[in-house]
Number of protein chains: 2
Amino acid sequence: MTQSNPTKSLDLVFAALADPTRRAILEMLLEDDMAVTDVAEPFEMSLAAVSKHLTLLMRAGLIGQEKRGRVKWCKLEPDAMRAASIWMQGFGQFEALDLDGLERFLEAELGEDAEQT
Amino acid sequence: MTQSNPTKSLDLVFAALADPTRRAILEMLLEDDMAVTDVAEPFEMSLAAVSKHLTLLMRAGLIGQEKRGRVKWCKLEPDAMRAASIWMQGFGQFEALDLDGLERFLEAELGEDAEQT
DNA sequence: ACTATATTCAACCAAATGGTTGACCAAGGC
DNA sequence: GCCTTGGTCAACCATTTGGTTGAATATAGT
């Protein structure tokens, strides 16, 4: 009856992503690791509220936290998104939107030996 | 009517996906269009409960419903997942790459339809 | 017209979210 | 030691969610 682990994990990840504040936090962490206070700074809500958001992101596995001194550092854990991302890709070929553009981007990114099909 | 607020659209899609029943429904609809009663059949909950889930899926744009006779047919609308899927891929798939460049690419790709933050 | 089927609606309930404020601990700086 | 800063905790509040049941609506079949 009870849903197995992977299902529950998808629940947590998708639920965590269903809030604009939390998505914004994840985007900020894409740039760099950040202290909790600095994460909270751009938002017009209390530090406690942001702290709760971080707790949810932690439970979903999307971020990790490490306390050094009195500062708690948050770092992105993008691997937690992989299963959810793959699940979604089962529903369509979203990459078909502009595969050429993506290819050009990846080639530029990976450089020389990227294309040899 | 079109979702005027792009952030809200990601909210709705991710929230809709955060429930195992709704994900299971979407997977069922991957096979074929289904009537509401048939969608509800495998689940150990009332028809009304499933109907509510379908309402949420509708609001998120993930399914469409068409009433023919007294039967309401549900069909998958996987395009509604696109923006969310692409948003996620900005985190998981290309970690080794230049993330700023990827962000610029995705922004250009999604246009104003999927800008969050 | 009567009845059965398909689906939603309405009222209710319990639990979770997203936010607030104020108190609380922990770690530095002086 | 004392004060400030970093961060969580606890209690509270409003709203949403996920479920129930029973009544209501609409269409089909006979």
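Angles of 65 to 115 degrees between two axes count as roughly perpendicular, and this cut-off is what the description of one helix pair in chain A rests on in the predicted model reported here.

**Helix packing in chain A**

Helix α1 (residues 5–17) of chain A packs against helix α5 (residues 82–89) of chain A at an angle of about 95°, and their axes are 9 Å apart. The helices α1(A) and α5(A) are therefore roughly perpendicular to each other. On the side of α1(A) the contact is made by P6(A), S9(A), L10(A), V13(A) and F14(A), while α5(A) contributes A83(A), A84(A) and W87(A). By class, the residues of this contact between α1(A) and α5(A) comprise seven nonpolar and one polar, with no charged residue.

**The sheet of chain A**

Chain A also holds an open sheet of three strands, which are arranged in the order β1-β3-β2 with antiparallel pairing. Because β1 (34–35) and β2 (63–68) of chain A stand at the edges and each has a single partner strand, one side of each is left without a neighbour in the sheet. The antiparallel strands β2(A) and β3(A) are joined by six bridges, and R68(A) has V71(A) in β3(A) as its bridge partner. Helix α2 (residues 20–31) of chain A packs on this sheet, where it touches β1, β2 and β3 of chain A, and the direction of α2 makes about 90° with that of β3(A).

**Surfaces near the DNA strands**

The residues around the two DNA strands are drawn from chains A and B, and the table sets out the residues that come nearest to each strand together with the element that gives the most residues.

| DNA strand | Residues around the strand | Residues that come nearest | Element with the largest share |
|---|---|---|---|
| DNA strand C | 22 residues | A49(A), G69(A), R70(A), T37(B), S51(B) | α4(A), five residues |
| DNA strand D | 22 residues | T37(A), S51(A), S46(B), A49(B), G69(B) | α4(B), five residues |

For DNA strand C, the elements that give two or more residues to the surface are α4 of chain A and, from chain B, α3 (36–40), α4 and β3 (71–76). For DNA strand D, the elements that give two or more residues are α3 (36–40), α4 (47–59) and β3 (71–76) of chain A, together with α4 (47–59) of chain B. In terms of residue class, the surface near DNA strand C divides into eleven nonpolar, six polar and five charged residues, and the surface near DNA strand D has eleven nonpolar, six polar and five charged residues.

Technical notes:
Residues are numbered from 1 along each chain as its sequence is written. Chains are lettered from A and ligands numbered from 1 in the order in which they are written. This is a predicted model: local features need pLDDT of at least 70, side-chain atom pairs count only at pLDDT 80 or more; totals for chains, interfaces and linings use all residues. Axes are lines fitted to C-alpha atoms, for helices over the stretch in contact, and angles run from 0 to 180 degrees between N-to-C directions. Helices (H or I, at least four residues) and strands (E, at least two) are DSSP runs, numbered from the N terminus. Angles under 35 degrees count as roughly parallel, over 145 as roughly antiparallel, 65 to 115 as roughly perpendicular and the rest as oblique. Two residues are in contact if their C-beta atoms, placed from the backbone, lie within 7 Å. Ala, Val, Leu, Ile, Met, Phe, Trp, Tyr, Cys and Pro count as nonpolar, Asp, Glu, Lys and Arg as charged, and the others, Gly among them, as polar. A residue is near a molecule or strand if its C-beta atom, placed from the backbone, lies within 6 Å of it. Two strands pair if DSSP finds at least two bridges between them.
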